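The following paragraphs are meant for someone meeting this structure for the first time, and they are best read with the model open alongside.

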Amino acid sequence: MPHRQAVESRVLLKRLRDALAEAGQGQERLDRITDIVAASLVAEVCSIYLRVGDELELCATTGLKAEAVHRTRMRVSQGLVGRIAETAEPVKTKDAPSARGFRYFPETGEELYASFLGVPIQRLGDVLGVLVVQNRAARDYSDDEIYALEVVAMVIAEMAELGAFTGTAETDLPAPHRMPYFARGVVGQEGAAEGVVLMHDPEIVITNPMADDPEAERARLHEALERLRDEVDRLIGDDDLSDSGEHRDVLNAWRMFAHDKGWVRRLEESIESGLAAEVAVEREQSATRTRMSRISDPYLRERLHDLDDLSNRLLRILTGSDHLADGAIPEKAILVARNIGPGELLDYGRRLSGIVLEEGSVGSHAAIVARALAIPLVIQAERITHEAHNSDPILVDGDGGVVHLRPEENVAEAFRAKMDMLAEAQEAFAALRDKPATTRDGTTVSLFMNAGLMADLPSLKGSGAEGVGLYRTELQFLVRRTVPQREEQARFYARILDAADGKPVTFRTLDIGSDKVLPYMKRQEEPNPALGWRAIRVGLDRRGVLRMQLQALIRGAKGRPLKIMFPFVAQFDEFRAARACLTDELERERKLGHEVPENIEIGAMLETPSLAFAPDQFFQLADFISIGGNDLKQFFFAADRENELVRRRYDTLNVSFMSFLELIARRCDEHRTPVSFCGEDAGRPMEALAFAAMGLRQFSMRGASIGPVKHLLRSVDLSEARRIIDQARASGSQSVRPALQGWLDTIDAPYISK
Ligand code: PEP
Ligand code: MG
């Protein structure tokens, strides 16, 4: 950077600082800034537009008509100012009226000014407003001038965040982050919670955005960078990474960035121009976040995320917030984070009342852990990490996938009423715990629970489940940084059987690949991972891991009955091979003198439509079959279960899917092969009822769903449900849902959630 440019912007910042030290409150400060910038840049106009909701408001001006202040408003995207806010890019022109998107606001008197230069006022990728200068004559603003204006905009952004422009007068701006904020996200885990925000990333407060001794500031930056590099090296050198949230790829990316000369040079340039080291880091972070929002390549996005996380660490060092005791978790804490790893979430554990993530996906590991812990979770809640601050009141509605931050009292009241109703229903369901799921006309259905973490097991007893119908063994692998070895696995499986206390547990062998990539496994670049090398395909091709797991399961059982099933079996041969592998291991263990279970059942998961049409011999050889409805449905409709655009496009109660399930139930019945349904849909009362009407008699679901499903089944006549479904099918309906819904609405029973 040319030295002159830095000196000029430093002089400008110094003037600004002196003037602001004398200025009083909100509006006066804004007015001072526009005066000084206009004078320094020899501009006839300087204006500050700040974002209020979805609009930009002219909040201060030198040069435009005073009566337009707090009157002129435009939508983000409207006019040149709106375009700057929308794109987070500067705009300059010598001939504003003919520039693309120009819009004229007559009350401002701006028709006199031909030249226009505007830059975004942004903080951490969040556009808070726009800073503009204008001149009458055609003027080509230089790069130095753009740079100086950007530096001032950084300072304005920091001050706005600190509430420096707010005041009590009617025209003053409301304090930032005090207004209610509502976000509609996606359901991650049902349930509702009221509490206070706990930010996963510590909040960084910068009290002095300007610094006029660049030497001292540069020294601070380098000292902090040294500490940062040491920290990263220490994490990399740490053999056991199991307790830290990061894994090796991320750490390597961090090391690369921490030594990146370009990054450090840009930080130094910002300091040279008069910004404090922290603001220099934030400036780079803003640029990274803007880039991030435009990149769709998942790998590059991940790396930009890594850089963002590293910047946060550097900021924590610079602001001294890395020493803060982070062990203190407030009562009723609702965790707010951009995203979180499963290990980190387990560390918080049940101390959280709810979780809100800005990103995340339904099948992510964090979502799986939240489900295991039964903590309400909303994912993809837009801008929540920008809006929320520690201790803000917050309501999380995991059923609707919505979040109310700093809610108005009437919203909070309605929410509490809903929570009371839920609690009442829970009590009613709990009363059914030891009663069978028998319909009014006498058909009994067995209800089991899905599990995947030790944390799930304590709820087995209270849920009223007959056992664990699906134990997803990969979760224990996913939350670890290294492969758990055979003896450790065996101890773990033994503990699960101990905790189940005699109730049956169906262990599913590792289902990895697709979205479930182990941290220590080399990621396979596959064009379509859900249809790729996953689950039993990996197990059969890499026998070592499968065999070790089977040995561990046999040893963990210590002679107790054992149920094992293989995921994602697409054809008979795969099942035959996997079954043979297990019988070989049984023989081998017996020979080694280990106690082997006398009673062992070997099953297959039916998750691809192909297996429904397998030869009869498959149904005869399988001791049981478990329908993995999540996968089966995505392959039946060719609709990615993780893709929000299509995930809900096809109703589970679509007549084609109903008929398909009926066919599977019938084939299993013909061969007397026990069959259960263990996808998420089994936990939805109306779906479970429809499946039972199609002939299925065993379901496995989240523990919390057992009560509502049992309650509905006990309230209805199954043959009547079947009649309604058949009628809907015969009538050409696409889904049996409307007919079932209409019928259930006529049933007089409380708490029927349909
Ligand atoms: C399923 O596909 O329905 C299933 C139970 O397995 P997962 O959700 O673990 O893929
Ligand atoms: Mg599956």
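In this predicted model, a polar side-chain atom of Glu607 lies 2.9 Å from an oxygen atom of ligand 1, and two backbone contacts can be set beside that one. A backbone N or O atom of Asp631 lies 3.0 Å from an oxygen atom of the ligand, while for Gly628 a backbone N or O atom is found 3.4 Å from an oxygen atom of ligand 1. The protein covers 99% of the 280 Å² of accessible area that ligand 1 has on its own. The elements that give two or more residues to the shell around the ligand are strand S17 (468-472) and helix H22, and of these H22 gives the most, with 3 residues. In total, 14 residues surround ligand 1, the closest being Arg472, Arg508, Glu607, Asn630 and Arg641.

Which residues serve as the protein donors of the magnesium ion, ligand 2? They are Glu607, through OE, and Asp631, through OD, at 2.0 to 2.1 Å from the ion. The pair links distant parts of the chain, since Glu607 sits in the loop between strand S20 (600-606) and helix H20 (609-612), whereas Asp631 belongs to helix H22 (residues 629-637), 24 residues apart. Glu607 counts as buried because its relative accessible area is 2%, and Asp631 is likewise buried, at 2% relative accessibility.

Turning to the nonpolar interior, the largest nonpolar core has 94 residues, and those with the most contacts inside it are Phe566, Phe618, Leu689, Phe699 and Leu740. Helix H23 (residues 655-670) gives the most to this core, contributing 8 residues. Phe618 touches Phe572, Phe575, Ala604, Leu611 and Ile625, if residues up to four places away in sequence are not counted. Apart from the largest core lies another, of 72 residues, among them Cys46, Ile146, Leu267 and Ile271.

Two further residues in helices can be followed through their contacts. Asn312 lies in helix H9 (residues 298-319) and is in contact with Asp201, Ile204, Gln285 and Arg289, leaving aside its neighbours within four places in sequence. Is Asn312 buried or exposed? Its relative accessibility is 9%, and because buried means under 20%, Asn312 counts as buried. Ser715, for its part, lies in helix H25 (residues 703-715), and it is buried, with a relative accessible area of 7%. Leaving aside neighbours within four places in sequence, Ser715 is in contact with Arg440, Ile747, Ala749 and Ile752.

Terms used: Residues are numbered from 1 along each chain as its sequence is written. Chains are lettered from A and ligands numbered from 1 in the order in which they are written. This is a predicted model: local features need pLDDT of at least 70, side-chain atom pairs count only at pLDDT 80 or more; totals for chains, interfaces and linings use all residues. Side-chain values use heavy atoms; hydrogens and water are left out. Helices (H or I, at least four residues) and strands (E, at least two) are DSSP runs, numbered from the N terminus. Buried means under 20% relative accessible area, exposed over 50%, partly exposed in between (1.4 Å probe, protein chains only). Contact means heavy atoms within 4.5 Å. A nonpolar core is a set of buried Ala, Val, Leu, Ile, Met, Phe, Trp, Tyr and Cys residues joined through side-chain atoms within 4.5 Å. Donors are N, O and S atoms within 2.8 Å of the metal (3.2 Å for Na, K and Ca); water is not among the atoms, so sites may look incomplete. A residue is near a molecule or strand if one of its heavy atoms lies within 4 Å of it. A polar contact is a pair of N or O atoms within 3.5 Å; within protein, one must be able to donate a hydrogen and the other to accept it, and residues adjacent in sequence count only if both atoms are side-chain atoms. Accessible areas come from the Shrake-Rupley method with a 1.4 Å probe; for residues, only the protein chains shown count as cover.
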